[in-house]
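User: Could you take a close look at one part of this model for me, the strands with their turns and the helix that packs on them? I'd like one connected walk-through that I can follow on screen.

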Amino acid sequence: MISTDGATSGPPGVTGIEDGMSAASLAQAVVTATPEAVVVTDAQGVIRLWNAGAERVFGHKASEVLGQSLDIIIPEKLRKRHWDGYHKTMATGHTRYGDKLLSVPATHRDGHRLSIEFSVALLRDDRERIVGISAIMREVTERRNEEAALRSRLAAVEKRVAELEADPAARLI
């Protein structure tokens with residue numbers, strides 16, 4: 001939990017473990033070790049946490065993105081829509097996505113398009129004010145491409161079946 005003076009304590013639902021590791025240390029170890037991209041932005045959309053998973057997925061080192069706008073991974077044509085929703089969430093304290101898994105395009109450091117799935121959590125201070133958003137993301141480009149190829153193949157088969165059904169003579173072959 002982030003306090004108003006910037007100090008941290010263990011997150012709710014986390015306790016230390018028997019070897020003396022504190023709850024806060026345990027939470028930090030999870031963020032550090034997870035292969036998923038974990039990104040935290042403040043209320044203005046400035047990146048405040050960028051783990052090794054985010055480095056792997058997006059190609060940017062933490063030292064390059066900390067303090068930068070989230071625009072670094074948002075495709076240009078989607079930025080207005082993203083920021084409209086982001087600022088509305090910051091103002092209202094509510095996200096319409098709740099606990100849903102979201103799927104969106106993103107941009108890698110080298111410019112190629114990624115498909116990512118992610119969930120978000122609103123981060124609140126001790127007074128319950130929203131101070132930022134965390135996102136846990138997984139890169140799913142390969143799976144999305146495979147799904148698109150399967151849909152294309154299915155459409156071709158369905159077209160061929162329709163052609164065969166429309167031509168009674170073709171059924172005998």
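Analyst: Let's start at the hairpin of E3 and E4, where five residues sit between the two strands. In that turn, Gly 111 has a positive phi of about 100°. This is a predicted model, so keep that in mind as you click through. The two strands, E3 (residues 102–107) and E4 (residues 113–124), run antiparallel and are joined by six bridges. If you want a spot to put your cursor, find Ala 106, which stands opposite Leu 114 in E4.

Now follow E4 along to its other partner. E4 is joined to strand E5 (residues 130–139) by nine bridges, and this pair also runs antiparallel. Leu 123 makes a handy marker here, with Gly 132 in E5 as its bridge partner. E4 and E5 form a hairpin too, again with five residues between the strands.

The residue to look at in that loop between E4 and E5 is Glu 128. Glu 128 has a positive phi of about 70° although it is not a glycine. With a relative accessible area of 48%, Glu 128 counts as partly exposed.

So what packs against these strands? The buried residues of helix H4 pack against E4 and E5, and also against strand E1 (37–42). H4 covers residues 79–92, and its length checks out: at 1.5 Å a residue, its 14 residues should span 20 Å, and its end C-alpha atoms are 20 Å apart, which agrees.

Which residues of H4 are buried? They include Trp 83, Tyr 86, Thr 89 and Met 90. Seen down the helix axis, the buried residues of H4 fall within an arc of 125°, so they line one face of the helix. Turn H4 around and the face pointing away from that buried side carries Lys 80, Arg 81, Lys 88 and Ala 91, which are exposed. The general rule helps here: an α-helix has 3.6 residues a turn, so residues three or four places apart point the same way.

Trp 83 and Tyr 86 are a nice case to zoom in on, as they lie three residues apart in H4, about one turn of the helix. Both are buried. A search of the whole structure turns up two aromatic pairs, and Trp 83 with Tyr 86 form one that is edge-to-face, at 5.1 Å centre to centre with 65° between the planes. Pairs count as edge-to-face when the planes are over 60 degrees apart.

The other pair is Trp 50 with Phe 58. Their ring centres are 5.5 Å apart and their planes sit at 45°, so this pair is tilted. Trp 50 and Phe 58 are both buried as well.

Back at H4, slide just past the end of the helix and you'll meet Gly 93, which takes a positive phi of about 75°.

One last stop is Thr 32, which is found in helix H1 (residues 23–33). Thr 32 is partly exposed, with a relative accessible area of 47%. The side chain of Thr 32 reaches the backbone oxygen of Gln 28 at 2.9 Å. Thr 32 and Gly 53 are 21 residues apart along the chain, with 8.1 Å between their C-alpha atoms.

Terms used. Residues numbered from 1 in each chain as written. Predicted model: local features only at pLDDT ≥ 70, side-chain atom pairs only at ≥ 80, totals over all residues. Heavy atoms only, no water. Phe/Tyr/Trp six-rings, centres within 6.5 Å; stacked < 30°, edge-to-face > 60°. Buried < 20%, exposed > 50% of the residue type's maximum accessible area, 1.4 Å probe, protein only. Helix = DSSP H or I, 4+ residues; strand = E, 2+ residues; numbered from the N terminus. Pairing = 2+ DSSP bridges. Expected span 1.5 Å × (residues − 1). Arc of directions from axis to C-beta. Contact = heavy atoms within 4.5 Å. Polar contact = N/O pair within 3.5 Å; in protein donor to acceptor, adjacent residues only side chain to side chain.
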